[in-house]
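Q: I have a protein model in front of me and do not know how to read it. Can we go through it feature by feature?

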Amino acid sequence: MDPAESARITALLDAEAKAAALFDEVVARGLLAPGGTESAVGDAVRELAHEMFGIRRFWHKRIVRAGVNTLEPYAANPPDRVIGADDICFLDFGPIFAGWEADFGRTYVLGDDPAKLAVRDALEPLWDRVRDHFDTHPEITGAQLYDWTVARAAEQGWAFTAPIAGHLIGEFPHKQISGTEVTSYIAPGSDIPMRRADPTGRTCHWILEIHLVDRARGFGGFFEQLLDLRTPA
């Protein structure tokens, strides 16, 4: 492998590992607790990221969603909500570590509601199935992977209402390279193979995000991390 590409992979995996450590510390410190607002939790996570890693920049807006707000896709800006004692919540943060983007999302259930726990517990297994499908289909396009993901969610009884199921990731700001073209996303209309080089000749790397919705009960869950890269065993 080209040394520059090996360094890129190492940097992206390191950024994700730090994002995971940040989320673990959010839980350890009890920042996601009843009575706080979503915005207050988001501010607390921002300050924790600075304390732990010295970072202040996030490449996309910081998302904390609870209750009915978990139905909303990334682009929405629902009213700030107070987190309840029996809520389901998800965090979606894109911290920048030494110039490298991470994008990490996880769902938490504060009580013991079995329906909310079912959403949370369905996310990672479906994410794993989608990655397995990606791994075994080397020519797959973003549109094909999106359609396959939506179909698998529906088979399990979930709605998949998000307009995308992932996107390119890389050096900040990756959008200066990838732009807003649909081929930068795992989404309908993204009809070229995901395994390709970007316009600068570097290998494209991807984030896979799963947003499942329980329409009848009015909440959802979210899980997001690197798709095509993984830490060696």
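A: Start with exposure. A residue is buried under 20% relative accessible area, exposed over 50%, and partly exposed in between. Take Arg217: its relative accessibility is 53%, so Arg217 counts as exposed. Keep in mind that this is a predicted model.

Q: How much of the protein counts as buried?
A: Of the 233 residues, 49% count as buried. The protein exposes about 10300 Å². Carbon and sulfur atoms supply 54% of that area.

Q: What is the radius of gyration, and what would a compact globule have?
A: The radius of gyration here is 17 Å. A compact globule with 233 residues would have a value near 17 Å, so the two agree. For the extent, picture a box of roughly 50 × 45 × 35 Å along the principal axes, filled by the C-alpha atoms.

Q: How many helices and strands does the protein have?
A: Five helices and eight strands. Read them in order from the N terminus: α-α-β-β-β-β-β-α-α-β-α-β-β. Contacts tell you about the fold too. Take those between residues at least 6 apart in sequence: 64% of them join residues at least 24 apart.

Q: How do I read one strand, say β7? Is it buried or exposed?
A: Count its residues by cover. Strand β7 spans residues 205-214, and 10 of its 10 residues are buried. Next, look at which way they point. His205, Ile207, Glu209, His211 and Val213 point one way. Trp206, Leu208, Ile210, Leu212 and Asp214 point the other way. Residues on both sides are buried.

Q: Which strands are joined to β7 by bridges?
A: Look at β6 and β8. Strand β6 (residues 166-169) runs antiparallel to β7, with four bridges between them. Here Ile169 stands opposite His205. Strand β8 (residues 219-226) is also antiparallel to β7, joined by eight bridges. There Leu208 stands opposite Gln225.

Q: What lies between β7 and β8 in the hairpin?
A: Four residues lie between the two strands. In this hairpin, Gly218 takes a positive phi near 80 degrees.

Q: How do I read a salt bridge?
A: Look for a side-chain nitrogen of Lys or Arg within 4 Å of a carboxyl oxygen of Asp or Glu. The whole structure has 15 salt bridges. One of them joins Arg217 to Asp214, with the closest N and O atoms 3.1 Å apart. Arg217 is exposed at 53%, whereas Asp214 is buried at 9%. Partners can also be shared: salt bridges join Asp43, Arg46, Glu47, Arg56 and Arg62 into one network.

Q: Where do Lys18 and Asp14 lie?
A: Both lie in helix α1 (residues 3-28), four residues apart, about one turn of the helix. Their side chains meet in a salt bridge of 3.1 Å, N to O. Lys18 is partly exposed at 28%, and Asp14 is partly exposed at 37%.

Q: Why are Asp43 and Arg46 separated by about one helical turn?
A: Because they are three residues apart in helix α2 (residues 38-53). Their salt bridge is 3.5 Å, N to O. Asp43 is partly exposed at 34%, and Arg46 is partly exposed at 25%.

Q: How many disulfides does the structure hold?
A: A disulfide is a covalent bond between the sulfur atoms of two cysteines. This structure holds zero. Check two cysteines for cover: Cys89 is buried at 0%, and Cys204 is buried at 7%.

Conventions: Residues numbered from 1 in each chain as written. Predicted model: local features only at pLDDT ≥ 70, side-chain atom pairs only at ≥ 80, totals over all residues. Heavy atoms only, no water. Disulfide = S-S within 2.5 Å. Buried < 20%, exposed > 50% of the residue type's maximum accessible area, 1.4 Å probe, protein only. Pairing = 2+ DSSP bridges. Rg over C-alpha atoms; globule rule 2.2 N^0.38 Å. Contact = heavy atoms within 4.5 Å. Areas by Shrake-Rupley, 256 points an atom, 1.4 Å probe, with all protein chains shown as cover.
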